[in-house]
Amino acid sequence: MSYTIKDACIGCEVCKRLCPVDAIYGEKENVQKIDEDLCIDCGACGKICPKGAIYDDFGVQCEIVKRSKWDRPKFDVSKCTSCLSCVDICPVKCLLIPDIEETNQDRLIPFISEINTCIGCGFCELKCPVEAIIMVSS
Amino acid sequence: MAKGYMGKILVVDLSKNEFKEEIIPDDVYEKYLSGTGLGAYYLYHNMPANADPLGPDNYIGFMSGLLTGTGSLFTGRWMAVGKSPLTGTWGDANCGGNFSPAIKQCGYDGIFFKGISDKPVYLYIDAKTMELRDASDLWGIDAVDAEQLLIERYAKQGKTPRVATIGQSGEKCSLISGICNDRGRIAARSGLGAVMGSKKLKALVLLGNKPITPHNYDEMKKLSKMCNRWVNFQPPFVTGPATAYVGKLMRYLPHQLVMDGMLYKIFLRKWGTVSMNQLSVEIGDSPIKNWDGSSDDWPVSHSNIVNPDVFTDCEIVKYHCYSCPLGCGGICSMSGKYEETHKPEYETVICLGALCMNTDKDSIFYMNEMLNRAGMDTISAGHVLAFAIECYEKGIITKDDTDGIELTWGNTDAMIEMLQLMIDRKGIGDILADGVRVAAQKIGKGSEKFAIHAGGQEPAAHDGRADPGFALHYSVEATPGRHTIGAYLYYEMFQLWKRLKDLPAPKMLYHKDTKYTVDEEKIQMAAACSKYMNIINGAGACMFGAFLGITRMPLFDWLNAATGWNKSDEEIMQIGERIQTIKQDFNVKHGIEPKNNKVPLRTLGQPPQTRGSNKGRSVNLDKLMSEYWQFFGWNSETGKPSTETKRALGIE
């Protein structure tokens, strides 16, 4: 399964720059393509495309969402088990674990290092086995 | 429809630099799960009989678990599989850290290697490339540094590379070497590091990002949250030194209470496996002085140097493997050449401590880090040292043989020097680096009776005289000498009878003497442990999670929710039985006589000890083994699976 780009694409390459796995290719100002073997279905391209040219796995046209309104992970640290499934899956390294020398906790609790790198994919919420992460619109 | 597993494996021929993807049919997963089960299935069918373990025909497989990455807890372990050069039998070893999901994220349930490369290489896989790259610059570098170099080389925006690598021991084909990941965690047993070394395969660097999707995410998470509630129950408990006195009390009472794994979980969460250091010595579970001593030789005044609080005092932070809510591991600070080390495990502490009569705490930390970096098994290394010391003390080897090292009981400096010789394979270290069986064969002069091993594999630090289940599993498993499969104690903690009504429920309070009688109940318990551990290793789960009990760590329900199967508990247990039988038949196919894998009489209390907590205890191993084999439908004299049994289980 993979996202697809249709003819409305103007080749502005915004999506290409955002794609965390370099799955988008094509000439500037031409219709871009998504390599379906590389696409991880994070949906970032669909939200950023100014022309609504991107369609999801199910063939549904993606809606443009203002970047400041993208969903971001919210942690409930009291539920977090430090299993680090979220850190492992984060495709943009926006979730990190603290340096062991610097932490004052007795275990490693993930934190959002740079919220602007977050693409709002929600993989961390999906992978958290104990629902300690919820995605909320900022 | 998503089923939790990836449905294919990768086979790399190192001789020809060829990559081949193989699709694994769904019914293979239904019969063998993934992980060790799939590995056993593949190697049983593809490895020629009598393949040289260090030759091109042997395979080394890196397997992920069926439940890894599916939203379950305690399921982040990966398994190395192959024919063991140490024992010549089926070999597997498993390890935690973050490597297991990385295998599946590359799109495979397992990555197998065959052939031999003509120069050192490592495998690199990311979403776009898959190739063998030159590892000449990494050859000779220890496992921790090599891993760090590779991570720095491939760290970029996005995922962190996950690396498994061998150290110098594996490169030099030491038969007691393992495979390391996550800064010195090690899949240590069965000597599979030597298989990697023989193939000139230094490391795997995995950077895939394929999604791992279970059949029913909601159900997986519902089960995980239930499981996590039990893990979070953590009342304040006794202090570290007090554990010794709990052990003393257990030792002098003639009766024993059924162990509930929740209690052990509380210990594990607070201290990790080192919580058992003193308690185990007191109840007779720890081998002392190369299995010849007793708890009287290692009294509380000795063991106090490794009381559990010693380890938490220098623990910087707890270490959790992937998807683990418990966190039994830790990163500890230490003085000297290395600043940090993974918290030594109980096995390491006893094998490098009590087994060699070493009472220097700092040296145990140092040797732990030294062995993790070299990629050598601490259990086997401790046994080899204890063997060499006993040979030296009995005059079988002398200062001339040891390059002047005075190998006496408790001589810490001598132990460290000898370990360095073993890692470098210099002098007598060259002989000792292949484990006690090979060392005894080469040294001769009656040293064989001090070589403690089962079929070549050194047993772990659990004494069969205190729990005969350990002696049985050391001797009867397809991977001999293994403490992570079964014991009467483990059966009590697994609580399988709560789901499988045919299995016997132990009495709440029982007399210790009853552990030494051989009856059908004992055999049922042992067989259930073997089957259950095969399922755990197929799912990529952790035994410490399973100690919570089958109703609290819902392994069977996770398996059904992840795959969309609707298997009954009995059907899942039959998968475990099938894996047990195919591993045993792998051994038979490769010319192993199962009855030769018995642990030596010294470890069985024959003759019984005259003092200490195992005074007067002896284990009737022959009867236990014979009845265990018969229970599985194997020949009760030879331990070989019958054609009818194999046919009934669908093993072709």
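1. B:Tyr532 has contacts with B:Phe494, B:Leu496, B:Ala546, B:Ile550, B:Leu555, B:Phe556 and B:Met573, leaving aside residues up to four places away in sequence. The model is predicted.

2. B:Tyr532 also belongs to the largest nonpolar core, which has 216 residues. With B:Phe74, B:Phe387, B:Met422, B:Phe494 and B:Leu555, B:Tyr532 is among the residues that touch the most other members of this core. Helix α21 of chain B, residues 520-539, gives the core its largest share, 11 residues. Apart from this core lies another, made up of 30 residues. B:Val12, B:Leu14, B:Phe113 and B:Leu201 are among the members of that second set. As background, nonpolar side chains in soluble globular proteins tend to be buried together.

3. Turning to chain A, its secondary structure consists of 4 helices and 8 strands. Their order along the sequence is β-α-β-β-α-β-β-α-β-β-α-β. Along the principal axes, the C-alpha atoms of chain A fill a box of roughly 55 × 25 × 25 Å.

4. Chain A has 138 residues, and 51% of them are buried. What share of the contacts in chain A between residues at least 6 apart in sequence joins residues at least 24 apart? The figure is 57%.

5. The surface of chain A comes to about 7,200 Å² exposed, with 50% supplied by carbon and sulfur atoms. The charged side chains of chain A number 16 positive and 22 negative. The centres of these two sets are 7 Å apart.

Note on methods: Residues numbered from 1 in each chain as written. Chains lettered and ligands numbered in written order. Predicted model: local features only at pLDDT ≥ 70, side-chain atom pairs only at ≥ 80, totals over all residues. Heavy atoms only, no water. Core = buried A, V, L, I, M, F, W, Y, C linked by side-chain atoms within 4.5 Å. Buried < 20%, exposed > 50% of the residue type's maximum accessible area, 1.4 Å probe, protein only. Helix = DSSP H or I, 4+ residues; strand = E, 2+ residues; numbered from the N terminus. Contact = heavy atoms within 4.5 Å. Areas by Shrake-Rupley, 256 points an atom, 1.4 Å probe, with all protein chains shown as cover. Lys, Arg positive; Asp, Glu negative; His and termini not counted. Charge placed at Lys NZ, Arg CZ, Asp CG, Glu CD.
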